Amino acid sequence: MHYVYVLWSDKLKKRYVGSTKDYQKRLVEHNNGKTSFTKAGIPWRLIHVEEFSDTSSARQRELFLKSGAGRKWLDGHVTSWQT
């Protein structure tokens with residue numbers, strides 16, 4: 001399986017969207033500073049996950065969620081991070 005995941009950083013007040021085969025392992029990597037892009041936002045919190053049967057579909061969804069329309073969709077559908 002392949003996953004698209006969305007993280008939230010209270011420190012930066014920003015979301016991060018990514019795709020992977022193992023989102024739990026990836027979250028640990030983000031929080032251990034293994035990804036330079038997300039290092040400044042530690043700690044990251046998982047706020048949304050979607051499952052796909054293939055890499056291509058997951059990547060397509062990831063690109064959508066990173067677009068303006070995708071960010072708007074996240075604003076309307078993933079609100080548990082707004083605390």
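Student: Where is the place of Lys-13?

Tutor: In this predicted model, Lys-13 belongs to the loop between strand 1 and strand 2. A good habit with a loop residue is to look at the backbone angles and then at the accessible area. Phi of Lys-13 is near 60 degrees, a positive value in a residue other than glycine. As for accessibility, over 50% counts as exposed, so Lys-13, with a relative accessible area of 54%, is exposed.

Student: Next to that loop, which residue is the bridge partner of Ser-9 in strand 2?

Tutor: Ser-9 has Lys-14 as its bridge partner. Bridges like this one tell you how strands pair. Here strand 1 and strand 2 run antiparallel, with seven bridges between them.

Student: In what order do the three strands form the sheet?

Tutor: To read a sheet, list the strands by their neighbours. This open sheet has the order 2-1-3, with antiparallel pairing. Its edges are strand 2 (14-20) and strand 3, each pairing on one side only. On average, neighbouring strands of the sheet are turned by 20 degrees against each other, direction ignored.

Student: Which strands does helix 2 lie across?

Tutor: Helix 2 lies across strand 1, strand 2 and strand 3, and runs at about 30 degrees to strand 1. Helix 3 (residues 68-77) also packs on the sheet, where it touches strand 1, strand 2 and strand 3. The direction of helix 3 makes about 110 degrees with that of strand 2.

Student: How many residues are in the largest nonpolar core?

Tutor: There are 10, including Val-4, Trp-8, Ile-47, Phe-52, Ala-58 and Leu-74. With a core, the next step is to trace its members back to their elements. Strand 1 (2-9), strand 3 (44-52) and helix 2 (55-65) each contribute at least two residues. Strand 1 gives the largest share, three residues. Apart from this core lies another, of five residues, with Tyr-5, Tyr-16, Leu-27 and Trp-44 among them.

Student: What does Ala-58 touch, not counting residues up to four places away in sequence?

Tutor: Under that restriction, Ala-58 touches His-2, Val-4, Ser-19 and Phe-52.

Student: How many aromatic pairs does the count come to?

Tutor: Four. For each pair, read the centre distance, then the angle between the planes. Tyr-5 and Tyr-16 are 6.3 Å apart centre to centre, with 40 degrees between the planes, a tilted pair. Tyr-5 sits in strand 1 and Tyr-16 in strand 2, 11 residues apart, and the pair links distant parts of the chain.

Student: Why is the pair of Tyr-16 and Phe-37 tilted?

Tutor: Planes under 30 degrees apart count as stacked and those over 60 as edge-to-face, with the rest tilted. The planes of Tyr-16 and Phe-37 are at 50 degrees, so this pair is tilted, with ring centres 6.0 Å apart. Phe-37 lies in the loop between helix 1 (23-31) and strand 3, 21 residues from Tyr-16 in strand 2. Tyr-16 is buried, with a relative accessible area of 17%, whereas Phe-37 is exposed, at 68%. Tyr-5, Tyr-16, Phe-37 and Trp-44 form one aromatic cluster.

Student: Which residue lies over the face of Trp-73?

Tutor: Arg-61 does, at 4.6 Å from the ring centre.

Student: Is the peptide bond from Ile-42 to Pro-43 cis or trans?

Tutor: For this, look at omega. The bond from Ile-42 to Pro-43 is cis, with omega near 5 degrees, and Pro-43 is in the loop between helix 1 and strand 3.

Conventions: Residues numbered from 1 in each chain as written. Predicted model: local features only at pLDDT ≥ 70, side-chain atom pairs only at ≥ 80, totals over all residues. Heavy atoms only, no water. Core = buried A, V, L, I, M, F, W, Y, C linked by side-chain atoms within 4.5 Å. Buried < 20%, exposed > 50% of the residue type's maximum accessible area, 1.4 Å probe, protein only. Helix = DSSP H or I, 4+ residues; strand = E, 2+ residues; numbered from the N terminus. Contact = heavy atoms within 4.5 Å. Pairing = 2+ DSSP bridges. Axes fitted to C-alpha atoms, helices over the stretch in contact; angles between N-to-C directions. Phe/Tyr/Trp six-rings, centres within 6.5 Å; stacked < 30°, edge-to-face > 60°. Lys NZ or Arg CZ within 6 Å of the ring centre and 35° of its normal.
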